[in-house]
Amino acid sequence: MFRSTLRCANTFATVAKQRSFLSTIKYSASHEYIKVDGNTGIVGITKHAADALGDVVFVDLPSVGAKFAAGASFGSVESVKAASDVYSPVAGEVLAVNSELEGNPGKVNESPLSEGWFIKLKIDNVKDLDKLLDEAGYKKHLEETAH
């Protein structure tokens, strides 16, 4: 009985951690996401954007130390179908770039929310996150803009 209770408690803790993690992702209407951890965030394009682009063949990323305003283009992504700018969901300074994308831009399609991230930002003002969509708001945005 004790083992069963312990297993149940561990499962609950894991699910709670996953929910907490999911709640830290914010989305822009232009299909970028930011995974927030304190005053830093990992930025990339959403699965919806990656799927719409098709096979990504090139990603142009900024230099570490570059600063961007919220909504400013920080790079671009090219696919077999199209090219598109990528926008910073919040103002901040680039702390790191995903150099893995240079040799393997397809990671954007394979895993946009984990291995396909673009930049890590030091967020200038965490209150800017309030202007972004949560997961439910982003899903609603997708439904409203579907053709």
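**A strand patch and a paired strand**

Phe58 lies in strand S4, which covers residues 56-60. The model is a predicted one. At a relative accessibility of 38%, Phe58 falls in the partly exposed class, because that class takes in values between the 20% limit for buried and the 50% limit for exposed. Together with Val57 and Val80, Phe58 makes a nonpolar patch of about 280 Å² on the surface.

The wider setting is as follows. The protein has five helices and nine strands, and their order along the sequence is α-β-β-β-α-β-β-β-β-β-α-α-β-α. Of its 147 residues, 36% are counted as buried. The exposed surface of the protein comes to about 8800 Å², with 54% of it supplied by carbon and sulfur atoms. Where contacts link residues at least 6 apart in sequence, 58% of them join residues at least 24 apart.

Strand S9, residues 119-123, can be followed residue by residue. In a regular strand, side chains alternate between the two faces of the sheet. In S9, Ile119, Leu121 and Ile123 point to one face and are buried. Lys120 and Lys122 point to the other face and are not buried.

S9 also pairs with two other strands. With strand S3, residues 40-45, the pairing is antiparallel and runs over four bridges; here Gly41 has Leu121 of S9 as its bridge partner. With strand S8, residues 92-97, S9 is again antiparallel, joined by five bridges. In that pairing, Gly92 is bridged to Ile123 of S9. Leu121 and Ile123, the bridge partners named here, are among the buried residues of S9.

Technical notes. Residues are numbered from 1 along each chain as its sequence is written. This is a predicted model: local features need pLDDT of at least 70, side-chain atom pairs count only at pLDDT 80 or more; totals for chains, interfaces and linings use all residues. Side-chain values use heavy atoms; hydrogens and water are left out. Buried means under 20% relative accessible area, exposed over 50%, partly exposed in between (1.4 Å probe, protein chains only). Two strands pair if DSSP finds at least two bridges between them. Patches are made of residues with over 30% relative accessible area and no salt bridge: like charges are joined within 9 Å, nonpolar side chains (Val, Leu, Ile, Met, Phe, Trp, Tyr) within 5 Å. Accessible areas come from the Shrake-Rupley method with a 1.4 Å probe; for residues, only the protein chains shown count as cover. A salt bridge is a side-chain nitrogen of Lys or Arg within 4 Å of a carboxyl oxygen of Asp or Glu. Contact means heavy atoms within 4.5 Å.
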